[in-house]
Amino acid sequence: MSLQEEEIQQIQSPPWILDALCCEENGNKICGESGTVKKETFLPLFLIEHDLFWEDDELISLMSKEKETHLCYKDVNSDESLVLARKDALEWIFKVKAHHRFNALTIVLAVNYFDRFFASFKFQKDNPWMGQLAAVACLSLAAKVEETQVPLLLDLQVEESKYVFDSKTIQRMELLVLSTLKWRMNPVTPISFFDHITRRLGLRTHLHWEFLHSCEHLLLILIADSKFMLYMPSILAAATMLYVIKEIEPCHYLEYRKQLLRLLKT
């Protein structure tokens, strides 16, 4: 079984949520045929009624800014060589993530930089090393933005890299990526909406942070597929959250779906 298949299986059968919730004594009843065991619902069944105006303004701002860095990737998906180059680059990025234990946002940013760079920069098919060099540069930039401890450029190139580049070459590629992306290195991502919804719903307990982790975990699986490049971050975030909610709270899924879509105005 591949790593991605194992991760998907973990999301579909999350033992942490079942074990934890069945220990609760107060709250709503569990849906099922085996009785009326009570538990606390994983998510608040209704949104906080006293939402502040600034929260709405923040959401409006996120949905406005997401359009600024979201490009049409149809040309990329129609070019087999670009799809293959992206696949190879992302496989390497995910291996480095596991090696250095980078957080989810670092990887989402690296993939965002890579996709935007390839959509704006003419990929030279005769230079297959270009994709690998761009991946190293994008991951290095993302780590500098998000991580507190950033490995040296040579130490970043681990996990059976097809090509190994010296520091000066990587730094020149970093400058090319920065200029191509016009130094816009803090784009709105699906995780931006995860964070907003988590705060909006007042999710603060350990289980709720596990919910956020599951959303990020699933998101990393989705962005590996180039087809998902077509969707706006807000749409991808909503779909991801609804999938996780349906797996862990099937009894109240329709209510959560109604509230989430209303909140995101989607």
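This is a short tour of three helix contacts and the largest cavity in a predicted model.

**Stop 1: H7 and H9**

Start by selecting residues 129-146, which form helix H7, and residues 167-180, which form helix H9. Their axes sit 9 Å apart and the angle between them is about 75 degrees. Angles of 65 to 115 degrees count as roughly perpendicular, so that is the label for H7 and H9.

Now show side chains. On the H7 side, pick Met130, Leu133, Ala134, Val136, Ala137, Cys138, Ser140, Leu141 and Lys144. Facing them from H9 are Thr169, Ile170, Met173, Glu174, Val177 and Leu178. Colour this contact by class and you should get 11 nonpolar, 2 polar and 2 charged residues.

**Stop 2: H10 and H12**

Next, select helix H10, residues 190-200, together with helix H12, residues 233-248. This pair packs at about 55 degrees, and the axes are 8 Å apart. That angle makes H10 oblique to H12. Look at the way they cross: the crossing is right-handed.

For the contact itself, H10 brings Pro190, Phe193, Phe194 and Ile197. H12 answers with Pro233, Ser234, Leu236, Ala237, Thr240 and Met241. How many charged residues does the contact of H10 with H12 have? None: the classes here are 8 nonpolar and 2 polar, with no charged residues.

**Stop 3: H12 and H13**

Keep H12 on screen and add helix H13, residues 253-264. The angle is now about 165 degrees, with the axes 10 Å apart. That makes H12 roughly antiparallel to H13, since the label applies over 145 degrees. This crossing, too, is right-handed.

Highlight Ser234, Ala238, Met241, Leu242, Ile245 and Lys246 in H12. They meet Tyr253, Tyr256, Arg257, Leu260, Leu261 and Leu264 in H13. By class, this contact splits into 9 nonpolar, 1 polar and 2 charged residues. While you are here, find Ser234 and Met241: both touch H13, and both also touch H10.

**Stop 4: the largest cavity**

Finally, turn on a cavity display. There are 3 cavities of 30 Å³ or more in the structure, and the largest has a volume of about 280 Å³. Which residues should you select to find its centre? Try Asn112, Asp115, Pro190, Ile223 and Tyr231, the closest to the centre among the 19 lining residues. You have met Pro190 already, in the contact of H10 with H12.

Then bring up helix H6, residues 104-120, alongside H12: these are the elements that give two or more residues to the lining. H6 contributes the most, with 4 residues. Colour the whole lining by class and you will see 12 nonpolar, 4 polar and 3 charged residues.

Note on methods:
Residues are numbered from 1 along each chain as its sequence is written. This is a predicted model: local features need pLDDT of at least 70, side-chain atom pairs count only at pLDDT 80 or more; totals for chains, interfaces and linings use all residues. Side-chain values use heavy atoms; hydrogens and water are left out. Axes are lines fitted to C-alpha atoms, for helices over the stretch in contact, and angles run from 0 to 180 degrees between N-to-C directions. Angles under 35 degrees count as roughly parallel, over 145 as roughly antiparallel, 65 to 115 as roughly perpendicular and the rest as oblique. A crossing is left-handed if the near helix is turned anticlockwise from the far one by less than a right angle, and right-handed if clockwise. Contact means heavy atoms within 4.5 Å. Ala, Val, Leu, Ile, Met, Phe, Trp, Tyr, Cys and Pro count as nonpolar, Asp, Glu, Lys and Arg as charged, and the others, Gly among them, as polar. On a 1 Å grid over the protein atoms alone, a cavity is a set of points where a 1.4 Å probe fits but cannot get out, and a pocket is an open set with protein on both sides within 12 Å along at least five of seven lines; lining residues have an atom within 4 Å of a point. Grid points are joined across faces, edges and corners, and a volume is the space filled by probe spheres set on the points.
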